[in-house]
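Here is a short briefing on one protein chain. Keep the sequence and the structure open while reading.

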Amino acid sequence: RDAALMVVGEAPGAEEDRRGEPFVGPAGQLLNAMLRAIGFERDEVFIANVLKCRPPNNRDPSGEEAAACSGYLERQIALTRPRALLAVGRISAQWLLKSDRPVGRLRGQVHRYGDLPLVVTYHPAYLLRTPLAKAKSWQDLCMVRSLMQEPASGPGSPARV
């Protein structure tokens with residue numbers, strides 16, 4: 001419940017929907033490796049999706065579907081009280097930032113989601129298809145690691161690293 005880092009993806013895939021767990025399969029294994037590379041085990045991180053159920057035919061979520069789930073995601077963020085958010089992929093990045101810019105233009109900098117720092121990176125499934133993008137994702141992960149090493153600020157901020 002008090003995870004210092006929260007990862008937000010787009011929506012469950014078929015296996016995720018079946019198991020009720022986000023990021024399983026090859027993309028989940030890569031996400032686990034990415035998290036370990038910056039000093040986190042999967043069970044230390046809260047992983048959520050913008051959409052809580054799988055869209056038909058694995059299509060991109062519609063704005064109406066994302067809006068229907070937004071209160072739930074906002075409550076997850078409030079209850080988890082992370083020190084930072086990591087948006088993986090276009091759908092989550094654009095939804096959290098209320099932007100239509102592509103991931104390539106959103107990554108590489110620290111954004112804000114309310115009072116939380118938010119870093120955007122490529123989705124692990126994209127990285128499996130486009131291995132050359134892993135170097136850019138590593139830069140994003142290093143930003144997250146740096147944020148997590150900064151002292152927590154404000155009353156009630158969870159301590160971490």
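The notes below cover the sheet, two of the helices and the salt bridges. The model is predicted. Five strands build an open sheet with mixed pairing. Helix 3 carries a kink of about 40°. Helix 4 is mostly covered. Seven salt bridges turn up in a search of the whole structure.

**The sheet**

- The strand order is 2-1-3-5-4.
- Strand 2 and strand 4 are the edge strands, and each of them pairs on one side only.
- On average, neighbouring strands are turned by 30° against each other, with direction ignored.
- Strand 4 and strand 5 run antiparallel, joined by four bridges.
- These two strands form a hairpin, with two residues between them.
- In that turn, G114 has a positive phi of about 65°.
- Y113 stands opposite L116, a residue of strand 5.
- Helix 7 (residues 134-149) lies across strand 1, strand 3, strand 4 and strand 5. Its angle to strand 5 is about 165°.

**Helix 3**

- Helix 3 covers residues 63-80, which makes 18 residues.
- What span should a helix of 18 residues have at 1.5 Å a residue? The expected value is 26 Å, and the end C-alpha atoms are 24 Å apart, which agrees.
- Where is the kink in helix 3 centred? The centre is S70.
- S70 is also one of the buried residues of helix 3. The others are A66, C69, L73, Q76, I77 and T80.
- A general rule applies to such lists: an α-helix has 3.6 residues a turn, so residues three or four places apart point the same way.
- The cover over the buried residues of helix 3 includes strand 1 (5-9), strand 2 (45-49) and strand 3 (84-88). It also includes helix 4 (90-97), strand 4 (110-113) and strand 5 (116-121).
- R81 comes just after helix 3 and takes a positive phi of about 55°.

**Helix 4 and L96**

- Six of the eight residues of helix 4 are buried. They are I91, S92, A93, Q94, L96 and L97.
- Which elements cover these buried residues? Among them are strand 1, strand 3, strand 4 and strand 5. Helix 3 and helix 5 (103-106) are also included.
- K98 follows helix 4, and its phi is positive, near 50°.
- L96 lies in helix 4. Is L96 buried or exposed? Its relative accessible area is 6%, under the 20% cut-off, so L96 counts as buried.
- Leaving out residues up to four places away in sequence, L96 touches V8, L73, A87, Y113 and L118.
- Two of these contacts recur elsewhere in this briefing. L73 is among the buried residues of helix 3, and Y113 is the residue opposite L116.
- L96 and A125 are 29 residues apart in sequence. In space they are 19 Å apart, C-alpha to C-alpha.

**Salt bridges**

- E15 and R18 meet through their side chains in a salt bridge, at 2.8 Å from N to O.
- Both residues lie in helix 1 (residues 14-19). They are three residues apart, about one turn of the helix.
- Are E15 and R18 alike in exposure? E15 has a relative accessible area of 31% and is partly exposed. R18 is at 61%, over the 50% cut-off, so R18 counts as exposed.
- R59 forms a salt bridge with E65, and the closest N and O atoms are 2.7 Å apart.
- R59 is partly exposed, at 36% relative accessibility. E65 is partly exposed too, at 24%.
- Elsewhere, salt bridges that share partners join R19, E21 and R42 into one network.
- Within this network, the side chains of E21 and R19 meet at 3.4 Å, N to O.
- E21 is partly exposed, with a relative accessible area of 31%.

Notes
Residues are numbered from 1 along each chain as its sequence is written. This is a predicted model: local features need pLDDT of at least 70, side-chain atom pairs count only at pLDDT 80 or more; totals for chains, interfaces and linings use all residues. Side-chain values use heavy atoms; hydrogens and water are left out. A salt bridge is a side-chain nitrogen of Lys or Arg within 4 Å of a carboxyl oxygen of Asp or Glu. Buried means under 20% relative accessible area, exposed over 50%, partly exposed in between (1.4 Å probe, protein chains only). The expected span of a helix is 1.5 Å times one less than its number of residues. The bend at a residue is the angle between axes fitted to the seven residues ending there and the seven starting there. Contact means heavy atoms within 4.5 Å. Two strands pair if DSSP finds at least two bridges between them. Axes are lines fitted to C-alpha atoms, for helices over the stretch in contact, and angles run from 0 to 180 degrees between N-to-C directions.
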